[in-house]
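Here are my notes for anyone opening this entry for the first time. Have the viewer ready and follow the points in order.

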Amino acid sequence: MKEYRLTDWLPTTKKEMELRGWNELDVIILSGDAYVDHPSFGAAVIGRILEAEGLKVAIIPQPNWRDDLRDFKKLGRPRLFFGISGGCMDSMVNKYTANKRLRSEDAYTPDGRPDMRPEYPSIVYSQILKRLYPDAPVILGGIEASMRRLSHYDYWQDKIQKSILCDSNADLLVYGMGEKPLVDLVRQMKCLLSEDETPLTSKDLKKIVKNTPQVAYLCRATEWTPASDDIQLYSHEECLADKKKQAGNFRHIEEESNKYAASRITQAVDNKIVVVNPPYPPMSQEELDHSFDLPYTRLPHPKYKGKRIPAYDMIKFSINIHRGCFGGCAFCTISAHQGKFIVSRSKESILKEIKEVMQLPDFKGYLSDLGGPSANMYQMKGKDEAVCKKCKRPSCIHPKVCPNLNSDHRPLLDIYKAVDTLPGIKKSFIGSGVRYDLLLHQSKDAETNKSTAEYTRELIINHISGRLKVAPEHTSDRVLSIMRKPSFSQFETFKKIFDRINREENLRQQLIPYFISSHPGCKEEDMAELAVITKQLDFHLEQVQDFTPTPMTVATEAWYTGFHPYTLEPVFSAKTQREKLAQRQFFFWYKPEERKNIINELRRIGRQDLIDKLYGKKPGNKR
């Protein structure tokens, strides 16, 4: 085991700064999460990226916003900027259930304490910093800010909210994965420093933001001149007055998030303009390797000694092998944040990280995951990238797999083989979700199809711990189409393959499907039919959830507005607690305590046929 000193982590206190011989800082990052120095934790990644640029960087994790604000003052003012991240999860999803009940645990906090971050920490932290240091640049980043960069529906307040830039008073927002824009920004900031190196001001920052990709900022409407190729959204005020306009905006936002060469987006609000510069093209493999190869300790900061951080426990023996997802699921924020284009790490970088994981004190030879947003998209991209550069489809596999997609699984099989032959590795599991529609896809290339069949067998035999989790999400093809998921018949086909391979190998493994209730387009009859179909397949469902509207997804916009953003056709959604619970109960048709309610609900909607299928006909019932 490698031994670490306190100075191997980025400093979090004045004392830790002094141990490094520092008396001032270039950047101070405030995070809603505990500080875990690991490439799965955004604040650590940004801190290390900026450190590699020669900057003096500190992290203030979970500052106390209730007291005299000493946490916000303790390290003074940085020379360049304060950076703020609400955390790895959206703070409101982290804090509340789909029924708006407080959760009992915060997975990103020591010992799971639920009271260590405020609601909307990006806003709270930024407002505090702007009171304490009015002219110091404040830059927002992370999932919370990224998904709120324009007018968005907020489920917890049940209203359309302005860009988070308006409420936070921050100077700038970096959306998506922040390495490239922040490196660009700090290099420009260094050029602005005066000879006496007086700290930069918010006014200085305005000089460089206009041409920096992947940032959003506010300017006065009187100072703004739109370009001919800008996409001007309906204003915030228009969206408040007309839900269909809010829905219509989203199509532009999603399409521009998933293009190689995107347009600038603008939106008027309160006599100001929110300007969202287009994102960078996807990172190169070398750039992604650089981010993962930085000198992380891969451990929580020593200040948490003896305390459990649940989210760290989940990922400490896992390896992220790529970024991005081209699935385009309607309820998912991954493509809006990471983009749909896959950026994969090199084999050398992956193996290097695994060898570091093997040095951790409690590593027993088992990797919990070799994955990514979708486990089996490693190195997949367009055969002709010129076609991809013109494409604005939000999904490469829905409604059908794009004929330009290279779905070859051989590079991933090569990674598995290289990892499993490392001395000290007993087994590598795949814990991330697997896209079975990619495993069923028949390419025109015979070798690609052969690799897919080989991958399916390798996955089932050697890389699951008795249970393989997949996400059909629903059984109704109509609902699945709105979700941008494949027909349920594909799940049934995959289940037959899974069962056959288990029989051939004399294995007793389970297929665990994930399902969602109350998704836009889903009605009670759809949930009752889901119950009937999964009963016939002999499933007693465990992995289920009620749809939670989160900012910047197709499903959320449809749920709130009642219109599909791409067609502007009406879409039904279950909204009241009674409607949502009525749908959710069908997951648990097999529980005695749910039976009476389900029967009463099906009688109410006149579906005796579904009662008979779930619970059997009573004697004398001729139906």
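1. Start at Leu-218, whose bridge partner in S11 is Val-274. Bear in mind as you look that this is a predicted model. The strands here are S8 and S11 (residues 272–276), which run antiparallel and are joined by 5 bridges.

2. S8 (residues 215–220) also pairs with strand S7 (residues 172–174), again in the antiparallel sense, over 2 bridges. To find the spot, look for Val-174: its bridge partner in S8 is Val-215. As a reminder, strands of a sheet pair through backbone hydrogen bonds, either parallel or antiparallel.

3. For the parallel kind, go further along the chain to an open sheet of 3 strands, ordered S20-S21-S22. Its edges are S20 (467–473) and S22 (544–546), each of which pairs on one side only. From one strand to the next, the twist averages 20 degrees.

4. Within that sheet, S21 (residues 510–517) and S22 pair in the parallel sense over 3 bridges. A handy landmark is Ser-517, which stands opposite Asp-546 in S22.

5. Now the inside. The largest nonpolar core has 165 residues, and the members that touch the most others are Leu-50, Phe-81, Ile-354, Leu-367, Leu-370 and Leu-468. Helix H17 (residues 410–420) gives this core its largest share, 6 residues. Apart from it there is another core, of 10 residues, including Met-380, Cys-396, Leu-405 and Leu-438. That fits the general habit: in soluble globular proteins, nonpolar side chains tend to be buried together.

6. Which residues does Ile-354 contact, leaving aside its neighbours within four places in sequence? They are Ile-319, Leu-367, Leu-370, Val-419, Leu-422 and Ile-425. Two of these names, Leu-367 and Leu-370, you'll recognise from the list of residues that touch the most other core members.

7. Last, the helix pair. The axes of H15 (residues 347–357) and H17 come within 11 Å and cross at roughly 35 degrees, and the crossing is right-handed. On the H15 side the contact is made by Lys-347, Ile-350, Leu-351 and Ile-354, and on the H17 side by Asp-414, Ile-415, Ala-418 and Val-419. What does that come to by class? The contact has 6 nonpolar and 2 charged residues, with no polar ones. Ile-354, met above as a core member, is thus worth a click here too, as one of the H15 residues in this contact.

Key
Residues are numbered from 1 along each chain as its sequence is written. This is a predicted model: local features need pLDDT of at least 70, side-chain atom pairs count only at pLDDT 80 or more; totals for chains, interfaces and linings use all residues. Side-chain values use heavy atoms; hydrogens and water are left out. Two strands pair if DSSP finds at least two bridges between them. Helices (H or I, at least four residues) and strands (E, at least two) are DSSP runs, numbered from the N terminus. Axes are lines fitted to C-alpha atoms, for helices over the stretch in contact, and angles run from 0 to 180 degrees between N-to-C directions. A nonpolar core is a set of buried Ala, Val, Leu, Ile, Met, Phe, Trp, Tyr and Cys residues joined through side-chain atoms within 4.5 Å. Buried means under 20% relative accessible area, exposed over 50%, partly exposed in between (1.4 Å probe, protein chains only). Contact means heavy atoms within 4.5 Å. A crossing is left-handed if the near helix is turned anticlockwise from the far one by less than a right angle, and right-handed if clockwise. Ala, Val, Leu, Ile, Met, Phe, Trp, Tyr, Cys and Pro count as nonpolar, Asp, Glu, Lys and Arg as charged, and the others, Gly among them, as polar.
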